[in-house]
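Trainee: I am new to this one. Can you take me through it step by step?
Mentor: Gladly. Have a look first, then ask.

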Amino acid sequence: MTNTKPAEVQRFNGIFRIQHVILLVTFLLLAFTGWALKYPEPALQHTGWWIRLWGGAKTAGIIHRVAGVIMISDFLWHIVYVVSQLLTGKMKFNPVTTVVPMPSDIKNATQNILYFIGLSDTKPKFGRFNYIQKFDYWAVFWGMAIIGFSGLVLAFPTKAAIFLPQWSANWIWEVFFILHSDEALLAITYILIMHFYSEHLKWENFPMSMTWITGRLPMRHFKEEHPLEYELEMKENPGAFKNPGNS
Amino acid sequence: MKKLLLCSALLLGLLSLLPPPALAETFTCLACHSAMKGKVRTDKGSFIEVNIDEQRFSKSVHGGMGCTACHKTFKDNPHERPQADVSRKISELANLVSPKAKVDSVAYAACDDCHGEIYKKVSESIHGKNVIEKRQHDGALCLDCHGSPHYIMPQKSKESMVNRSSVVKTCGECHENEEIAKKYNLGTQIVEKYEESFHGKKYRLGHPGVPTCVSCHGAHDIRKWDDPASPVSWEKRTITCGKCHPGANRRFVASITHKPVGKDNPIPYYAEKGLIVLTMGTIAFVIFHVFLEALADIRDRVFRKKKEEHHD
């Protein structure tokens, strides 16, 4: 019993974990350096020392641009990697393990909320990714399309202007300003509330889920939170998980 | 003997620390004009301040000049009426700028003596024409931007009204003033919109390179934007923006206006409204979800604990 490995299941490989770390670091850098520019009000006393903390407005601007380019590259790397995994057959589509939103997610979300308020006695059974995790994942795509793209336009405005149609010139810049800053605020609040609750504050994860470092998930969590994937694995590969606690 | 020498050397050293001595004539005027309280009534009936802060004056760029260099009509004898002869050029200019000068229009024109080229530029600018041709008293001329000539500091000094750190505020004195905006048909939210732009936001954060008002609009030779000679005219705007943004084209320069986002430009207006609904809606849902989830988690841990233990 003592010489068996702790019951954990491999969830993310090294490449996914590196991609997540890059995303995490650049996200924080972008949020921190962009914050002062969104709220430069002299009445808000924090902006003065906050911007000095990032080396002044000029340095903060450089950090913001560099972090933005790294984040976009990270995102593109992720897409190329996932597509190549799918094409070479190393990753296969399965409704239980996919991150693609499925009709069952709507059902699961409804049942989950009913369970929260006590109108349902059973928790919905999730696959590899529950609907919140899927939302987390696709939020990055939304963010990249909206914030990433508008950020590139704002970082290289004279280059972007070459491709802009003349009829859009009178309003499109304003739209880019608004898109970039409003959606960034949405991303920051989303991460602060939803992601922090799921991965840090939630009872079983407090103070922090270690999955992002180790890539592994404790067996007990796996069975409880992703029962469909557990069942699938047991069916396809019986005996893959020897759970010492359950033998 | 040695002691005496040392003492006098010390005394001389101390003397050199004092501000440069004002001219004798200045000193005489300031004997009274640095100690006057309240205001004085002029012949025309307006009340004016005639006291000079001697310390600030001596530190200013004009601190070494004598009073009558500008106040040319005054004679050395303070009891005589100020009727000294003035050159024709200055007296003509004094007539032109008289709407601005409450008291000594000759002194107002005297800037021309040293700053002739700039005075000419200003006279041809929209600010200058407003005073000289339209005879308006509330438009800008030298002192409205630079402050009292007695206390003008070098432009690089933070105390200067036209220093980088204060020039936006200085322009705003008129361009944020609703009465003036109404009278001259100016936009009222110009400074506000500048401060909301990327230029203005960075300016407020202390970025050393971003443009202020004068970087794009010019200073002494400022013109209305529809004047082809203005640096922000359609003809010249790509050149002006191109100073910092090489390759600026027509579509690029459209990105900076000082117009408020309103219904007259509906796409950004409704895009912003839509995004606010989307952002607030998502945040509301997320808070709702996390709140319920947290309550349910606590409930499961505290009240349904037995079930779990049994399960394990």
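Mentor: One term before we start: helices here are DSSP runs of H or I with at least four residues, numbered from the N terminus. Keep in mind that this is a predicted model.

Trainee: In which loop of chain B is B:Asn185 placed?
Mentor: Look at the helices on either side. Helix 11 covers 178-184 and helix 12 covers 190-196 in chain B. B:Asn185 therefore sits in the loop between helix 11 and helix 12.

Trainee: Is B:Asn185 buried or exposed?
Mentor: Count the C-beta neighbours inside 10 Å: B:Asn185 has 6. The cut-off for exposed is 12 or fewer. So B:Asn185 counts as exposed.

Trainee: How does B:Arg135 count by its C-beta neighbours?
Mentor: B:Arg135 is in the loop between helix 8 (126-132) and helix 9 (142-146) of chain B. Its phi is near 60 degrees, a positive value in a residue other than glycine. It has 13 C-beta neighbours inside 10 Å, so B:Arg135 counts as partly exposed.

Trainee: Which helix of chain A supplies the largest share of the side that touches chain B?
Mentor: Start with the contact itself: 36 residues of chain A meet 37 residues of chain B. Several helices of chain A each supply at least two residues of that side, including helix 1 (14-38) and helix 3 (56-87). The largest share is twelve residues, and it comes from helix 7 of chain A.

Trainee: How many residues on that side of chain A are nonpolar?
Mentor: The side of chain A that touches chain B also has six polar and four charged residues. The nonpolar ones number 26.

Trainee: How far apart are the end C-alpha atoms of helix 5 of chain A?
Mentor: Helix 5 of chain A has 25 residues, 131-155. At 1.5 Å a residue, they should span 36 Å. The model agrees with that, with the end C-alpha atoms 34 Å apart.

Trainee: On which residue is the kink in helix 5 of chain A centred?
Mentor: The kink is about 35 degrees. Its centre is A:Met144.

Trainee: And where is the kink in helix 7 of chain A centred?
Mentor: Helix 7 of chain A has 30 residues, and its end C-alpha atoms are 40 Å apart. Its kink is about 40 degrees. The centre is A:His195.

Trainee: Which residue is joined to A:Phe206 by a cis peptide bond?
Mentor: Omega is about 0 degrees at this bond. The partner lies in the loop between helix 7 and helix 8 (211-214) of chain A. It is A:Pro207.

Definitions and conventions
Residues are numbered from 1 along each chain as its sequence is written. Chains are lettered from A and ligands numbered from 1 in the order in which they are written. This is a predicted model: local features need pLDDT of at least 70, side-chain atom pairs count only at pLDDT 80 or more; totals for chains, interfaces and linings use all residues. Two residues are in contact if their C-beta atoms, placed from the backbone, lie within 7 Å. Ala, Val, Leu, Ile, Met, Phe, Trp, Tyr, Cys and Pro count as nonpolar, Asp, Glu, Lys and Arg as charged, and the others, Gly among them, as polar. The expected span of a helix is 1.5 Å times one less than its number of residues. The bend at a residue is the angle between axes fitted to the seven residues ending there and the seven starting there. A residue is buried if 20 or more other C-beta atoms lie within 10 Å of its own, exposed if 12 or fewer, and partly exposed in between; C-beta atoms are placed from the backbone.
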